[in-house]
Amino acid sequence: MNTLAHQVRSSVAVSGTALLLAAAGFGLAPAASADASQPPTLAAATAAPAEVGLAGLPVAFTTKVSNTGAYDTSSARLLYRIDGGAALPSNAVSLQYRLSGTAWKTVPLTYADEQFSGEVPETFPLAAGHSRTVQLRIGVPMGTPHNGDSNGGTQQLKLTTLVSYGASGAAPATDHDTIKVDGLSTGLSGVPAAVTAGGPAVSFEATVTNPTASRYENVTDTLITNRYASVQVLRSGTWKTLTPVTSDAEADVYGFDVIGKDASLAAHSSTVAKVRVTYRKDTPTGKATVQPCVFVNGGSIPFSGTTSCGNLATLTVRASGSTGSTGGTPTPTSTSTPTSTPTPSASPSISAEAPSANSGTTSSTPRTSSQLAKTGNSGTSTIAAVAGAFLLAGAGSLGVVALRRRTRA
């Protein structure tokens, strides 16, 4: 009996105290009181995109938040965790949202323990028995426009959605999705078996393909040759001579931007450039290779940005005045596995491996390694790092780099 009386008196005291606080203007905020004493029952369902493009623009998706309980909440919260493995740099992933209107807003992300995490900055009310769909976009930009990361990559993102309520409510509801990450590929087709120094041009095609749901901007597809070559592309029915791109670190290596600099590429699309190449009369004879590399968000430094290189194609350079045919079996279209390459200050491991010296055209795939490029200050040139450029047996060999595939932890 005494115990019951004590409980009753305690209850009355608490109620009385609450009334006094309310009368004095110190009542609890209604939203906080409702969320704390009568918690909602929330659920999240994210319709994540199937894929995004490495170094591409973000892809839209949605998260539907439902309140399946009997109590309202004035402040539903959305949180996200994104795991792309150890190979991604800290500025590799982006997340945006919009609750209303047409303007996209940024979800600030932090990077720790090989994982990105962030919370939508705005909360929203959600009545019992109702739901709300939030618009979002996720991307793997690998840096910023004209400052693309050259190190790192991934093959997938693991996206975790968490929904909570109030200022410090728990996050009991989660949703898990996996997003494939792919990238641009580049390749050559129809490269002939032989060419004559000082002779007529040889023609072939260069193709850049975007297999992803991301749109791309600031795309530059570069044909890697050397200083003996001259390159033209067919534009609007006219052959246009291209200006070579060079690097002080590798003066003998020339690059030619065959689709133009900073082009755009729609999702699930490709572009083809018709190319023809001539070689100076003093070009040394022997085996030679050409190779395409596509750069996204390249900067002021030549051959920089997020990089993918296609397979080598090999030609035989004949002496000036040779009457041998320049024909041969065309090279089948070769495409690249997207990869990232070191910046100009990088120190990749270089192999002395050279393309096949067999007669006729070959499609020689560079040796690959799962090890990521290491940054350093060895002064190794970017172009040597991204491609086994144009090799001439009679003019000394430029080593072929061991190109690195994108990896994930």
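# A guided tour from Ala-55 outwards

Begin by selecting Ala-55, which counts as buried because its relative accessibility is 6%, under the 20% limit used for that class. The model on screen is a predicted one, and the stops below should be read with that in mind. Ala-55 sits in the loop that links strand E2 (51–53) to strand E3 (59–67), and its phi is positive, at about 70 degrees, although the residue is not a glycine.

**The whole chain**

Before going further, zoom out to the full protein chain, in which three helices and 30 strands are found. Of its 409 residues, 46% are buried, and the accessible surface amounts to about 18100 Å², with 52% of that area belonging to carbon and sulfur atoms. If you display contacts between residues at least 6 apart in sequence, 78% of them join residues that are at least 24 apart.

**A five-stranded sheet**

Now select strands E1, E3, E10, E5 and E6, which in that order form an open sheet with antiparallel pairing. The edges of this sheet are strand E1 (42–47) and strand E6 (105–106), each of which pairs on one side only. At the E6 edge, follow strand E5 (residues 94–98), which is joined to E6 by two bridges and runs antiparallel to it; to look at one position in this pairing, pick Gln-96 and find Thr-106 of E6 standing opposite. When orienting the view, bear in mind that side chains in a regular strand alternate between the two faces of the sheet.

**The largest pocket**

Keep E5 selected and add the largest pocket, whose volume is about 360 Å³. Which element supplies the largest share of the lining of this pocket? The largest share is that of E5, with three residues, while at least two residues each come from E5, strand E11 (143–144) and strand E18 (216–226). In total 20 residues line the pocket, and those nearest its centre are Pro-58, Val-93, Ser-94, Pro-141 and Gly-143, so these five make a convenient selection for centring the view. Colouring the lining by class gives ten nonpolar residues, nine polar residues and one charged residue.

**Thr-110 and Asp-113**

Move next to Thr-110, which has its place in strand E7 (residues 110–112). Leaving aside residues up to four places away in sequence, Thr-110 touches Gln-115, Phe-116 and Ser-117. For a distance check, select the C-alpha atoms of Thr-110 and Asn-91, which are separated by 9.3 Å although the two residues lie 19 residues apart along the chain.

From E7, step into the loop that leads to strand E8 (115–119), where Asp-113 is found. Is Asp-113 buried or exposed? Asp-113 counts as exposed because its relative accessibility is 77%, which is over the 50% limit for that class. Its phi is near 55 degrees, a positive value in a residue other than glycine. Setting this loop residue beside the starting point of the tour, one sees a positive phi in Asp-113 and also in Ala-55, yet Asp-113 is exposed and Ala-55 is buried.

**Strands E15, E17 and E24**

Now select strand E15 (residues 185–189) together with strand E17 (residues 202–210), an antiparallel pair joined by five bridges. Within this pair, Ser-189 stands opposite Glu-205 of E17. Then add strand E24 (residues 269–279), which pairs with E17 in the antiparallel sense over nine bridges; here the residue to pick is Thr-209, whose bridge partner in E24 is Ser-270.

**Cavities**

Finish with the enclosed spaces, of which a search of the whole structure finds four with a volume of 30 Å³ or more. The largest cavity has a volume of about 40 Å³, and eleven residues line it, with Leu-54, Leu-184, Val-296, Thr-306 and Ser-308 closest to its centre. Strand E25 (286–296) and strand E26 (306–309) each contribute at least two residues to this lining, and the largest share, three residues, is that of E26. When coloured by class, the lining of the largest cavity shows seven nonpolar residues, four polar residues and no charged ones.

Technical notes
Residues are numbered from 1 along each chain as its sequence is written. This is a predicted model: local features need pLDDT of at least 70, side-chain atom pairs count only at pLDDT 80 or more; totals for chains, interfaces and linings use all residues. Side-chain values use heavy atoms; hydrogens and water are left out. Two strands pair if DSSP finds at least two bridges between them. Helices (H or I, at least four residues) and strands (E, at least two) are DSSP runs, numbered from the N terminus. On a 1 Å grid over the protein atoms alone, a cavity is a set of points where a 1.4 Å probe fits but cannot get out, and a pocket is an open set with protein on both sides within 12 Å along at least five of seven lines; lining residues have an atom within 4 Å of a point. Grid points are joined across faces, edges and corners, and a volume is the space filled by probe spheres set on the points. Ala, Val, Leu, Ile, Met, Phe, Trp, Tyr, Cys and Pro count as nonpolar, Asp, Glu, Lys and Arg as charged, and the others, Gly among them, as polar. Contact means heavy atoms within 4.5 Å. Buried means under 20% relative accessible area, exposed over 50%, partly exposed in between (1.4 Å probe, protein chains only). Accessible areas come from the Shrake-Rupley method with a 1.4 Å probe; for residues, only the protein chains shown count as cover.
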